[in-house]
Amino acid sequence: MKLTQLLPLLALVLAYPASAQTPAAEPEKSESKVILTPAQTEHILKELEKVEAQIGKGRGSVFSTALAKFREGMASPAAALALYLDCYKLEHFDRKNLKQTDFMDWRNKNEANLKDEDFKRALWLQLEYLVLTIQAQEIDEPREMAPIVTSVQAFLAKAITAVQGATTHSASGAVTDKDVKGGGQGGGGGGRRGGGGGNNVPAGDIMGTLRQSVASSEFAKAYSLEDFLKRDEWEYQPLNVRGIYSNIVFPYYLAEKPTDLPVQWDSRISAEVAMQKAIKSETEFDEYYKDAGPRMTWEKNNYLVQRNVAPVIALADMLKVIQNYPSHPDAMNWLKEFRELVKEVSEPTEEAAAVEKPVGSQ
């Protein structure tokens with residue numbers, strides 16, 4: 001709690017009836033901190049409970065208002081665009097006291113881009129993930145994350161399909177999509193822009209829009225959500241496959257269904273591979289997978305061993321990686337890590353036990 005919030009509480013302590021306080025003893029020289037009386041402590045804690053309830057109510061009200069509007073925007077890509085325009089106008093024009101004509105001028109200049117179907121779809125997906133993000137903020141128990149985890153994985157599949165649909169390859173295997181050439185670097189439908197929204201909106205920038213944190217999207221900024229989206233075990237970039245699995249999917253399964261983790265790891269690898277295959281040329285993808293494929297298999301099984309999930313099978317798969325890819329850039333590090341790992345999980349030999357046995361013991 002900030003000092004400015006604590007001061008009124010301390011004022012209440014000072015105003016607390018003197019009869020309820022323990023008579024003060026003669027001050028003694030001490031380097032210890034000031035100690036509150038039991039009555040003062042109880043009084044402050046009760047006041048803190050009231051403040052906490054008010055904070056929770058205020059946060060819930062902010063989320064509730066935003067969710068109502070966002071769910072309307074999720075009705076279709078066209079509805080998402082309409083909400084985006086309202087949010088953009090509020091953030092970049094109304095709050096800066098600019099004129100309606102300034103907004104209309106910006107909109108007219110960007111009309112072609114705003115009508116782009118891929119751009120609308122990107123906003124629609126961004127809005128869906130933002131709703132999931134808001135819903136996750138209120139969850140404390142891992143088991144309660146089950147429907148969110150399921151929805152996030154369904155969303156990710158939909159987002160990857162959208163990227164694949166916005167990307168085409170020539171007969172030679174080259175990438176010819178507009179998304180990779182013109183997007184992926186900027187903020188897409190929700191990036192941070194200058195005052196008045198003078199910059200153009202990138203057309204069809206699905207990658208750029210979904211690589212942006214939903215906490216800094218135009219939707220979130222318009223409804224002042226940036227400072228309320230603080231959950232640690234969450235991924236705020238909708239297209240970050242690795243982050244979604246590491247921060248959302250794996251923690252849930254580790255807590256609730258650890259035996260399903262190998263399958264979930266396979267899902268993550270498949271999603272990462274599908275994403276890279278969509279945005280890379282055939283030659284680029286082959287080069288990528290040559291190194292990334294074994295690396296992801298190693299990472300999966302190392303994770304499982306460290307968390308004692310089917311460790312014997314995982315160790316066997318790690319050994320296969322070393323044996324099958326001796327020319328891999330990580331091969332030497334894998335060998336060192338594997339040796340140490342085997343030592344850690346192996347039972348001590350009789351010779352080792354004898355060495356550790358105290359001298360003179362029976």
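This report describes the helices of a predicted model, how some of them pack, and a few single residues.

## Overall make-up

The protein chain has 16 helices and zero strands. It holds 362 residues, and buried residues make up 40% of them. Contacts reach far along the sequence. Among those between residues at least 6 apart, 70% join residues at least 24 apart.

## Helix α13

Helix α13 covers residues 282-306, 25 residues in total. From first C-alpha to last it reaches 35 Å, close to the 36 Å expected at 1.5 Å a residue. The helix still has a kink of about 35°, centred on Tyr-289. After α13 comes Asn-308, whose phi is positive, near 60°. Most residues other than glycine have a negative phi.

The buried residues of α13 start with Phe-285, Tyr-288, Ala-292, Gly-293, Pro-294 and Met-296. The list goes on with Trp-298, Lys-300, Asn-301, Tyr-303, Leu-304 and Val-305. Aromatic, glycine, proline and lysine residues are thus among them. Their cover includes α11 (241-256) and α12 (261-279). It also includes α14 (311-324) and α15 (331-345).

## Helix α11

Helix α11 has 16 residues, which should span 22 Å at 1.5 Å a residue. Its end C-alpha atoms are 21 Å apart, so the two values agree. A kink of about 35° lies at Val-249, shortly before the proline Pro-251.

Both Val-249 and Pro-251 are buried. The other buried residues of α11 are Val-241, Gly-243, Ile-244, Tyr-245, Ile-248, Phe-250, Tyr-252 and Tyr-253. What covers the buried residues of α11 includes α6 (117-137), α7, α12 and α13.

## Packing against α12

Two helix pairs share α12. In one, α11 and α12 pack at an angle of about 170°, with their axes 11 Å apart. Because of that angle, α11 is roughly antiparallel to α12. On the α11 side, the contact is made by Val-241, Arg-242, Tyr-245, Ser-246, Val-249, Phe-250, Tyr-253 and Leu-254. On the α12 side, it is made by Leu-261, Gln-264, Trp-265, Ser-267, Arg-268, Ala-271 and Glu-272. The kink residue of α11, Val-249, is thus one of the residues that meet α12. In general, residues three or four places apart in an α-helix point the same way, because the helix has 3.6 residues a turn.

In the other pair, helix α7 (residues 146-165) packs with α12 at about 20°, with axes 9 Å apart. That angle makes α7 roughly parallel to α12. The crossing of α7 and α12 is left-handed. From α7, the residues in contact are Gln-153, Leu-156, Ile-160, Val-163 and Gln-164. They meet Gln-264, Ala-271, Ala-274, Met-275, Ala-278 and Ile-279 in α12. Gln-264 and Ala-271 of α12 meet α7, and they also take part in the contact with α11.

## Gln-276 and Ala-174

Gln-276 is in helix α12. Its relative accessible area is 18%, so it is buried, the cut-off being under 20%. Leaving out residues up to four places away in sequence, Gln-276 touches Phe-285 and Tyr-288. Phe-285 and Tyr-288 are among the buried residues of α13.

Ala-174 lies in the loop between α7 and α8 (178-182). At 31% relative accessibility, Ala-174 counts as partly exposed. Its C-alpha atom is 9.1 Å from that of Glu-284, although the two residues are 110 apart along the chain. With residues up to four places away in sequence left out, Ala-174 touches Thr-168, His-169 and Ser-281.

## Positive phi in two loops

Two loop residues other than glycine deserve a look at their phi. Phi of Asn-97 is positive, near 60°. Asn-97 lies in the loop between α3 (77-92) and α4 (100-109). With 70% relative accessibility, Asn-97 counts as exposed.

Phi of Ser-224 is also positive, near 55°. Ser-224 sits in the loop between α10 (218-222) and α11. With 43% relative accessibility, Ser-224 counts as partly exposed.

Conventions:
Residues are numbered from 1 along each chain as its sequence is written. This is a predicted model: local features need pLDDT of at least 70, side-chain atom pairs count only at pLDDT 80 or more; totals for chains, interfaces and linings use all residues. Side-chain values use heavy atoms; hydrogens and water are left out. Helices (H or I, at least four residues) and strands (E, at least two) are DSSP runs, numbered from the N terminus. The expected span of a helix is 1.5 Å times one less than its number of residues. The bend at a residue is the angle between axes fitted to the seven residues ending there and the seven starting there. Buried means under 20% relative accessible area, exposed over 50%, partly exposed in between (1.4 Å probe, protein chains only). Contact means heavy atoms within 4.5 Å. Axes are lines fitted to C-alpha atoms, for helices over the stretch in contact, and angles run from 0 to 180 degrees between N-to-C directions. Angles under 35 degrees count as roughly parallel, over 145 as roughly antiparallel, 65 to 115 as roughly perpendicular and the rest as oblique. A crossing is left-handed if the near helix is turned anticlockwise from the far one by less than a right angle, and right-handed if clockwise.
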